[in-house]
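Open the model in your viewer and show side chains as sticks. This tour goes through the salt bridges, one stop at a time.

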Amino acid sequence: GKELTINATTGDQIALSDDDGEDDDTLPANLAAKISLTSALAVAKKEHPGVAIEKIEIETEDGILVYRVKFIDEALVEVDANN
């Protein structure tokens with residue numbers, strides 16, 4: 001798999017790396033979210049309001065593409081990237 005790191009404030013891609021930690025610059029063709037990062041952030045903030053976001057990742061979990069939103073208080077909200 002690959003890990004895409006995104007700036008939580010701007011939505012800009014910060015880094016893309018393989019499981020071995022080596023940087024890469026290409027996303028796999030099947031990594032296409034149906035909902036935007038902005039929509040995923042809105043859902044996560046609604047589920048855990050008033051706390052700053054520390055990190056956002058998009059990855060597959062059990063074959064489902066999800067945004068993983070980690071807050072500075074260690075809370076984690078997963079948002080299905082397909083609906």
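How many salt bridges does the count come to? The count comes to six. Keep in mind while selecting that this is a predicted model.

**First stop: Lys-55 and Glu-57**

Select Lys-55 and Glu-57. Their side chains form a salt bridge, with 3.0 Å from N to O. Colour the pair by accessibility and the two partners fall into separate classes: Lys-55 is partly exposed at 33% relative accessibility, whereas Glu-57 is buried at 11%. Glu-57 is classed as buried because its 11% lies under the 20% cut-off.

**Next stop: Lys-70 and Glu-74**

Move the selection to Lys-70 and Glu-74. A salt bridge links these residues, and their closest N and O atoms are 3.6 Å apart. Is Glu-74 buried or exposed? Glu-74 is exposed, with a relative accessibility of 55%. On the other side of the bridge, Lys-70 has a relative accessible area of 27% and is partly exposed.

**The network**

Now select Glu-59, Glu-61, Arg-68 and Glu-78 together. Salt bridges with shared partners connect these four residues into one network.

**Last stop: Glu-61 and Arg-68**

Within that selection, zoom in on Glu-61 and Arg-68. The two side chains meet in a salt bridge at 3.4 Å, N to O. Glu-61 is partly exposed at 28% relative accessible area, and Arg-68, at 21% relative accessibility, is partly exposed as well. Arg-68 is not counted as buried because its 21% is not under the 20% limit.

Technical notes. Residues numbered from 1 in each chain as written. Predicted model: local features only at pLDDT ≥ 70, side-chain atom pairs only at ≥ 80, totals over all residues. Heavy atoms only, no water. Buried < 20%, exposed > 50% of the residue type's maximum accessible area, 1.4 Å probe, protein only.
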